[in-house]
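I opened the model to look up contacts, symmetry and charged pairs. The entries below follow the order in which I went through them.

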Protein chains: 2
Amino acid sequence: MDAKVLKFGGSSVGGFDKIRIIAEQLQERIQSGEKLIVVVSAMGRTTDELLTNINTLSSAPKEDHVALLLTTGEQQTISYLSIILENLGVRTKAMTGYQAGIKTFGGHMKSRIANIDQHAIESSLASYDVVVIAGFQGVNGEGEITTLGRGGSDTTAVALAARCNIPCEIYTDVEGLYATDPRLYSAASRIYEINYDEMMEMSALGAGVLETRCIEIAKNHSIPLYLGQTSSEKKGTWIMQETEIIERKAVTGIALDSNMMHVTLYEPRQDSTLIFDLFKQFDSHEVNIDMISQVINSGGFQLSFTVKGTDALQLHEILESIEEMHREMVTEVRTDRAKVSIIGSGMRDMTGVASKAFISLHQSDIPFYQTTTSEISISYVIDKKNETRAVEMLAGKFNI
Amino acid sequence: MDAKVLKFGGSSVGGFDKIRIIAEQLQERIQSGEKLIVVVSAMGRTTDELLTNINTLSSAPKEDHVALLLTTGEQQTISYLSIILENLGVRTKAMTGYQAGIKTFGGHMKSRIANIDQHAIESSLASYDVVVIAGFQGVNGEGEITTLGRGGSDTTAVALAARCNIPCEIYTDVEGLYATDPRLYSAASRIYEINYDEMMEMSALGAGVLETRCIEIAKNHSIPLYLGQTSSEKKGTWIMQETEIIERKAVTGIALDSNMMHVTLYEPRQDSTLIFDLFKQFDSHEVNIDMISQVINSGGFQLSFTVKGTDALQLHEILESIEEMHREMVTEVRTDRAKVSIIGSGMRDMTGVASKAFISLHQSDIPFYQTTTSEISISYVIDKKNETRAVEMLAGKFNI
């Protein structure tokens with residue numbers, strides 16, 4: 001299929017004036033011969049407003065009812081955008097998640113896409129210039145409406161692109177991808193090309209532009225992904241296969257995650273089941289942990305890891321139930337620490353990145369409490385008070 | 001199936017406080033062992049607000065996009081009501097029109113129900129106490145979302161009741177059905193029981209409580225229909241089969257239609273095709289005409305009828321195109337007239353109603369320009385200035 005998927009997020013469609021601007025840009029592209037699949041989120045703060053309404057009605061609403069309510073937001077956006085596009089003479093077909101055959105599995109509010117009805121979309125695109133699809137939503141095996149969880153509309157867009165094997169352009173109100181947060185390091189350079197693995201590390205390690213699952217889908221299907229700023233002439237970022245990127249640096253970016261918890265558990269026994277009990281709990285609470293280090297010696301068993309700050313409540317529940325099983329366990333949860341990561345696939349064959357980083361931190365008097373490395377990244381847990389200094393120093397050293 | 005369909009209209013669900021009151025009443029009924037199917041409209045003025053938004057975006061929006069937008073209103077109400085019910089411990093399943101398998105045909109915004117998936121609803125009712133269904137909406141053969149037009153949520157409720165062969169209770173903010181409009185005749189008595197035919201005549205002739213199509217469905221399937229006031233202890237009105245009504249009067253009600261046009265067409269030819277051309281036009285414009293009288297004599301051809309005031313624009317278009325075909329035709333459209341109707345199935349076997357009505361109008365100096373009779377009604381076109389006096393006088397004469 002010769003088409004493209006374009007996705008516009010909540011603040012890009014925050015008002016009718018903004019939707020009209022997007023519609024005019026789509027009209028231009030249609031007139032130059034393109035066929036477009038457009039995925040949109042709910043307008044502006046609609047989803048938050050609906051959630052606020054729910055909070056006044058129930059402290060524990062059922063997820064199927066919440067998903068049913070939230071999905072009206074995207075349904076309204078696709079209606080409005082379609083009405084404006086038709087008014088501009090663009091033949092437009094609007095489709096909700098279930099109409100586009102976006103089948104999901106898993107919980108109602110953290111659903112994952114199982115399949116998409118490519119035929120429904122392709123046959124619509126044969127009769128219309130633009131197919132507008134509601135992001136963030138799908139339908140499960142029981143015919144119930146579901147939502148895809150965080151970054152859901154991005155996932156819808158990338159999954160559609162993967163299913164149809166066409167490129168995907170994601171537009172947000174962010175200016176573009178930087179090698180590190182320009183609020184921390186003003187000399188940070190823009191990244192115009194990055195490969196899937198690096199982008200996944202950047203996202204996972206705190207550069208919150210795209211959810212990792214989106215990049216994963218794009219990678220698995222070799223779908224070129226473009227990150228651009230809505231209604232901006234500025235060049236965005238292409239996320240693509242390594243082989244298509246010409247210039248390469250050892251370090252592509254530096255990510256900082258300030259909102260995390262650093263957890264250390266200690267138990268004076270070597271034959272502990274702690275790690276198994278712990279993983280079972282994290283699994284059932286659907287909480288991800290990162291930077292796992294385990295040390296067993298004659299003194300006992302020690303485990304360190306990091307958890308997202310947004311999972312504080314779940315972490316508390318998990319540790320409480322673990323403490324009941326492991327009475328001798330000593331727990332330390334630190335919220336005054338941050339994770340700084342150096343990312344670059346150049347590390348694979350360019351030596352010296354790790355040693356340069358370790359030496360620099362030492363020379364700058366920035367202590368670190370834990371470090372983990374992957375093939376293309378190195379992460380350090382440091383004191384939060386040192387985070388800005390660490391980013392500036394490393395960005396300077398690696399010339400990003 | 002041992003259950004009931006309950007329907008709550010827009011003003012009954014105009015705010016969360018009102019929805020909560022309804023939820024508590026449903027909870028009580030569930031606790032006393034009932035199983036309920038609840039149909040709700042969009043909250044308060046939601047539909048109007050969405051239509052206003054559309055008007056700022058396009059002067060001629062496509063009906064499929066409008067229907068897609070409007071149906072989010074009912075979807076939000078079913079979500080909110082379900083969340084509140086679950087919070088009260090009532091096991092609740094929410095269903096949109098398409099989830100309830102409400103299949104429609106015809107235009108996107110004046111759809112008619114072709115079928116309902118009784119199995120989907122019954123199996124939901126087996127696992128839940130209440131099934132909450134979005135009114136006013138369905139899905140057509142192409143899988144597109146449609147709306148049912150005026151009185152759509154009532155139609156959803158009655159059609160569901162008919163499909164499942166169970167009674168239907170319709171709750172509005174109106175106090176109940178009166179023998180005539182109490183604003184015109186303060187002594188008007190309440191009607192507690194009325195048969196389908198009378199109710200259809202009442203509705204068709206101007207007592208705008210229920211759309212005639214709803215009563216027609218109820219009649220065809222012998223579904224008892226109850227009209228009640230939301231959150232009121234007051235007794236409502238049962239619409240049912242003649243045989244179940246114990247006490248009967250000759251005249252059940254008097255209806256007034258003030259918003260109508262009285263049209264007279266004259267053509268000095270006896271062999272006119274006027275009436276055929278006219279009906280073709282009314283059909284293609286989807287305009288209903290009423291009180292049709294035709295006179296042919298040596299002087300020519302004369303046709304009188306009434307049209308709803310809301311169809312003024314279409315009437316104008318129709319008459320323009322008819323005038324082109326019939327150059328000698330003389331047209332008179334009067335907007336200063338009203339239609340007053342006497343309704344009662346007692347007329348079938350109680351004599352004297354018609355003569356009593358004619359004599360009373362004559363004695364009261366109320367001229368009428370046209371009259372038509374059905375088996376259970378008599379209608380008069382009178383001057384609008386006499387409408388209140390006519391209703392008062394007739395109500396008094398027939399002791400309603």
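**Entry 1: K4(B) and E34(B)**

Is K4(B) buried, partly exposed or exposed, and at what relative accessibility? I note for the record that the model is predicted. K4(B) has a relative accessibility of 27%, so I list it as partly exposed; the cut-off for buried is under 20% and for exposed over 50%. I then looked up E34(B), which at 18% relative accessibility counts as buried.

The side chains of these two residues, K4(B) and E34(B), form a salt bridge, with N to O at 2.7 Å. I checked where each partner sits: K4(B) is in strand β1 (residues 4–8) of chain B, while E34(B) is in the loop between α1 (16–31) and β2 (36–40) of chain B. The pair is 30 residues apart and links distant parts of the chain. In chain A, I found K4(A), R29(A), E34(A) and E169(A) joined into one network by salt bridges that share partners.

**Entry 2: other salt bridges**

I searched the whole structure and got 31 salt bridges over all chains. Between chain A and chain B the count is 4.

I looked at K93(B) with E144(A), where the closest N and O atoms are 2.6 Å apart in a salt bridge. This pair crosses between chains: K93(B) belongs to strand β3 (residues 92–95) of chain B, and E144(A) to the loop between β7 (137–139) and β8 (145–147) of chain A. I asked for the accessibility of both ends. K93(B) has a relative accessible area of 11% and is therefore buried. E144(A), at 13% relative accessibility, also counts as buried.

K62(B) and E86(A) also meet through their side chains in a salt bridge, at 3.6 Å from N to O.

Within chain A, I noted the salt bridge between the side chains of D64(A) and K62(A), at 3.7 Å from N to O. D64(A) is classed as buried because its relative accessibility is 12%. K62(A) comes out at 26% relative accessibility, so I list it as partly exposed.

**Entry 3: the contact between the chains**

I counted 36 residues of chain A in contact with 36 residues of chain B. The two chains bury about 3300 Å² between them, and 57% of that is on carbon and sulfur atoms. On the chain A side, L57(A), H65(A) and I83(A) lose the most area to chain B, together 21% of what that side buries.

I also counted polar contacts between chain A and chain B and got 22 residue pairs, with both residues at pLDDT 80 or more. Which elements of chain A give two or more residues to the side that touches chain B? They are α1 (16–31), α2 (46–57), α3 (63–87) and β3 (92–95) of chain A. α3(A) gives the most, with 15 residues. By residue type, the side of chain A that touches chain B divides into 15 nonpolar, 16 polar and 5 charged.

**Entry 4: how the copies are related**

I laid chain A on chain B and got an RMSD of 0.3 Å, by a turn of 179° and a shift of 0.0 Å along the axis. I entered this as the relation of a two-fold axis. In chain A, T72(A) has the C-alpha nearest the axis, 2.8 Å from it. The same surface serves both copies, as 100% of the contact residues of chain A recur in chain B.

**Entry 5: helix α11 of chain B**

Which residues of helix α11 (residues 387–397) of chain B are buried? I found E387(B), A390(B), V391(B), M393(B), L394(B) and A395(B). What covers the buried residues of α11(B) includes β13 (253–257), β18 (337–343), α10 (353–363) and β20 (377–383) of chain B. Just after α11(B), I noted a positive phi of about 55° at N399(B).

**Entry 6: K280(A)**

I placed K280(A) in helix α8 (residues 274–284) of chain A. Its relative accessibility is 59%, so K280(A) counts as exposed. I then took the C-alpha to C-alpha distance from K280(A) to I318(A), which is 9.7 Å, with the two residues 38 apart in sequence.

Key
Residues are numbered from 1 along each chain as its sequence is written. Chains are lettered from A and ligands numbered from 1 in the order in which they are written. This is a predicted model: local features need pLDDT of at least 70, side-chain atom pairs count only at pLDDT 80 or more; totals for chains, interfaces and linings use all residues. Side-chain values use heavy atoms; hydrogens and water are left out. Contact means heavy atoms within 4.5 Å. Buried area is the accessible area (1.4 Å probe) that two parts lose on being put together, summed over both. A polar contact is a pair of N or O atoms within 3.5 Å; within protein, one must be able to donate a hydrogen and the other to accept it, and residues adjacent in sequence count only if both atoms are side-chain atoms. Helices (H or I, at least four residues) and strands (E, at least two) are DSSP runs, numbered from the N terminus. Ala, Val, Leu, Ile, Met, Phe, Trp, Tyr, Cys and Pro count as nonpolar, Asp, Glu, Lys and Arg as charged, and the others, Gly among them, as polar. Copies are superposed by least squares on the C-alpha atoms of residues with pLDDT of at least 70 in both. Buried means under 20% relative accessible area, exposed over 50%, partly exposed in between (1.4 Å probe, protein chains only).
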